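Me: Could you take a close look at one part of this model for me? I would like to hear about the second domain and what sits in it.

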Amino acid sequence: MINPLRGMKDLTFEESERFNFIIDTATTIAKRYGYDYIETPILEETALFKRSVGDSSDIVSKEMYQFEDKGGNDVCMRPEGTAGVVRSFVHAKLDRQPMKQKFYYYGPMFRYERPQKGRLREFHQFGCESFREASVYEDFTIITMISQIFEALGIGFDLQINSLGCTTCMPPYKKNLVGFLTEIKDELCADCNRRIDTNPIRVLDCKNETCQSLLVNSPKLINNLCEECDSDFKKLTALLDNAGITYEVDTNLVRGLDYYNKTAFEFVSNDIGSQSAIAGGGRYDKLVEFLDGKPTPAVGFAIGIERIMELVKMPESTREGIYLGAMVEDAVEKLFALATQKRKETKVTVEYSSKGFKSHMKGVDKANARYAVLIGEDELKNGTVWVKDLESKEENTINLEAF
Ligand code: HAM
């Protein structure tokens, strides 16, 4: 027997219904906010992720599904969706058009991480990317949209926000931070020591308890923002306050991808164990430029579908469509003609063999059909069908032509 690869899962039965319900709900809401569907390839040049997500990020340095294809190209299965959407945006020269562009997408992402509950090697995201809107109102709108999606899915959450500053305030802060980290270097873990040189901001995100206790007194970017970033962040918190969206300012929230500036946020759930981030995102005003486009502000997010799967409150399933069954062999063919016709309007389940009444009624329940339609000897003779509405419990014998 061949098993799925470690950290990869089949999506079947009840889970696939949940998956589709999540995608449908998120899609409906994203469309209301003016987002259009975009699909980009799963396989991209490795350089795309190195340049966007960042060479020194864990995702790129440790977790990529990277290989050489038969043409000798260095390619990679996408670990996230933003980079591909931005590449597509630049490729289609949308960076040279004046209109605002908003895209939503969903699909599989691949990260070679150590699998555990809520952490897969192939997982799915629903994401949105909004281009050319520099206003912090857009950051607020995106956070509102995610809250609405979670509300529609019946999922509770905590929201954490931070500001990662911009090219004016981040470099002096980084210098300051490196100075602080160098002084406590010997007490920090090996990972943090490596990051002091490669990506000092990520040290703030270290999960090691000793490191976290040492970082309590680290300089905070939120207290060192430039005037513009500070005013944007204050505006964002005021907008959230006014809207009644509760949040926590987490000064150590830095995100695992290097392209962010200004607003960064994560939605977390306390009901799913240690992999508690159910959505993440923020502003990335420099990424279009990094990928050779014209300077274009942008902001976006992605929801991790598998992480919210078990949290979703599914609507009660209602009976739908028709179940067709024959009680005598000669009626089976008649049913097929009827099925083809009825499938133009509704869901139809057909039982291929003739059976007794009780057995058919079990089939009706299994198919969760609204109407049971059976043809027995009498019906066949009279050119009629026996119909039962499983909701009103009403039973009728109807002329086949009128059905
Ligand atoms: P991210 O925080 O890396 O952001 O991923 C978004 C979400 O994907 C996470 O909050 C989590 O729910 C889910 N996720 C990540 N890794 C795994 C995994 N190994 N197994 C299961 N679920 C996982 C991004 O990917 C950015 N592209 C989001 C974004 C869009 N920022 C701006 N635009």
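Reply: Happy to; here is a walk through that part, with one loop elsewhere added at the end. Please keep in mind that this is a predicted model, where local features need pLDDT of at least 70, side-chain atom pairs count only at pLDDT 80 or more, and totals for chains, interfaces and linings use all residues. Residues are numbered from 1 along each chain as its sequence is written, and side-chain values use heavy atoms, leaving out hydrogens and water.

The chain splits into domain 1 (13-169 + 225-311) and domain 2 (322-399), with bounds from an automatic or database domain assignment. Their C-alpha centres are 48 Å apart.

Now to the loops, set between helices (H or I, at least four residues) and strands (E, at least two), which are DSSP runs numbered from the N terminus. E329 lies in the loop that joins β12 (322-326) to α12 (332-342). With a relative accessible area of 53%, E329 is exposed; that label means over 50%, while buried means under 20% and partly exposed lies in between (1.4 Å probe, protein chains only).

Further along, K393 sits in the loop between β15 (384-389) and β16 (395-399). K393 is not a glycine, yet its phi is positive, about 70°. Its relative accessibility is 52%, so K393 counts as exposed.

For a contrasting loop, look at R255, between β8 (248-249) and β9 (261-268). R255 also has a positive phi, near 70°, in a residue other than glycine. R255 is buried, however, because its relative accessible area is 11%.
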